[in-house]
Amino acid sequence: MTALDAGLLDRVRARLAEQSSELNAERVAQALRSEDRLFGDAAVLQVVDTLRRDTLGAGPLEALLRLEGVTDVLVNGPAEVFVDDGGGLRRTEVTFADDGAVRRLAQRLAASVGRRLDDASPYVDARLRDGTRLHAVLAPLASPGTCMSLRVPARKPLTLDQLVAADTLDRHGAQLLLDIVRSRVAFLVSGGTGSGKTTLLAALLSHLDPRERLVVVEDSAELRPDHPHLVSLEARQANVEGVGELGLSVLVRQALRMRPDRLVVGEVRGAEVVDMLAAMNTGHEGSCGTVHANSARDVPARMEALGMAAGLPQAAVHSQLAAALHVVVHLRRSHDGIRRVAEIAVLQRQESGLVQAVPAITFRVDSPAVIEPGGVLLEALLLSDRF
């Protein structure tokens, strides 16, 4: 629509709001008549359709969110909307009339789940009722305009066979990961944002014995393994008055009282690392989670930073880490946009007392996997009495 049309829509929207009028063709036609211009039936229906999209679902983004395979929809101001459907980001033809339209949509989505988004609180991180993860930052804090990031949950958890078909890993790698999960060694899935950590972990957990009880703790409920005995605990952010927050640390402690066979922390990012490591050191074998890291080698340093920020001294962090965690599975997003398992490492304590990630298997595109020095350590873990 032209700039004039955008102004017309704003005026019609304001008149309907003032009159508390129902959004239908008759009410819109009445509002349009006050413009002292002639509008045909087609124009009236176009305005009705546009306003309905503004008030229902995700507006102009709704069709993108429903596309098969779409995992992310990103809005960079009114003129740039991108999607990721597994092949990397690509720009779409969807646009907004102006930044006000983006702002209204972001505010409406946030308000639908009781969250505040305005000039006094110009950003929000929330989960919508359908499970979509919303993050928004208002202009002028964001440039080139109000920005939104929508993370679409998987409609059905992907299976390992589907991940093999998508080149995330090969058959040998899939079987190796199943051996790791079934051997009840504690492990972390690491990688960058959007590298497929949650997708891979859900696929692996779906293969667990149905008699096992999984208790999953997450900041935002995204991990949905296909398992018959799954309990999910989700963190709660503070309300508008700044009260009512329940963080992951509290939920991890609650999870331990729920008789879990496996404790799963959806993403280790803060003080909950202390409670998670303590749980893994108290008989909860096979517990697992995800963590952001640039490589498997960086995971001990990442855990050290989180633990020390939570008040543990370095020696205590590494002591807990050495006893609690055994394996790191690292994913990386390739230049072609495909998420792939890049390496598997084994955590080993050094003479210095610090834990180091020793590479065990390196996976390469279009070539056989390479067994690294840590391969012997990995084999010993899988052949231990846990298996």
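These legends walk through several close-up views of one predicted model. Residues are numbered from 1 along each chain as its sequence is written, and side-chain values use heavy atoms, with hydrogens and water left out. Because the model is predicted, local features need pLDDT of at least 70 and side-chain atom pairs count only at pLDDT 80 or more, while totals for chains, interfaces and linings use all residues.

**View 1. The whole chain, to get your bearings.** The chain holds 13 helices and 15 strands; helices (H or I, at least four residues) and strands (E, at least two) are DSSP runs, numbered from the N terminus. Of its 387 residues, 46% count as buried, where buried means under 20% relative accessible area, exposed over 50% and partly exposed in between (1.4 Å probe, protein chains only). Among contacts with a separation of 6 or more, 52% come from residues 24 or more positions apart; contact means heavy atoms within 4.5 Å.

**View 2. The hairpin of β4 and β5.** Strand β4 (residues 123-127) turns V124 and A126 to its covered face, and Y123, D125 and R127 to its uncovered one. Its partner is β5 (residues 133-137), paired in the antiparallel sense over five bridges; two strands pair if DSSP finds at least two bridges between them. Look for A126 opposite L134 of β5. Five residues lie between the strands of this hairpin, and G131 takes a positive phi near 95 degrees.

**View 3. R103 and its contacts from elsewhere in the sequence.** R103 sits in helix α5 (residues 99-111). Setting aside neighbours within four places in sequence, R103 is in contact with D118, D119, L138, A139 and T146. One of these, A139, is 36 residues from R103 in sequence and 8.2 Å away in space, C-alpha to C-alpha.

**View 4. Helix α11 against helix α12.** The axes of α11 (residues 299-309) and α12 (residues 314-324) come within 9 Å and cross at roughly 125 degrees. That crossing makes α11 oblique to α12; angles under 35 degrees count as roughly parallel, over 145 as roughly antiparallel, 65 to 115 as roughly perpendicular and the rest as oblique. Axes here are lines fitted to C-alpha atoms, for helices over the stretch in contact, and angles run from 0 to 180 degrees between N-to-C directions. From α11, P300, M303, E304, G307 and M308 meet Q314, V317, H318 and L321 of α12. By class, this contact has five nonpolar, three polar and one charged residues, with Ala, Val, Leu, Ile, Met, Phe, Trp, Tyr, Cys and Pro counted as nonpolar, Asp, Glu, Lys and Arg as charged, and the others, Gly among them, as polar.

**View 5. The nine-stranded sheet and two helices lying across its strands.** This open sheet has mixed pairing and the order β9-β8-β10-β11-β7-β12-β13-β14-β15. Its edge strands, β9 (230-234) and β15 (367-371), each pair on one side only. Within the sheet, β10 (residues 262-268) and β11 (residues 288-292) run parallel, joined by three bridges, and V264 has C288 as its bridge partner in β11. Helix α7 (residues 171-182) lies across β7, β10, β12, β13 and β14, at about 40 degrees to β13. Helix α9 (residues 248-256) lies across β8, β9 and β10, at about 170 degrees to β8.

**View 6. The hairpin of β14 and β15.** These strands pair in the antiparallel sense over three bridges, and I361 stands opposite I371 in β15. Two residues lie between the strands, and D366 in the turn has a positive phi of about 60 degrees.
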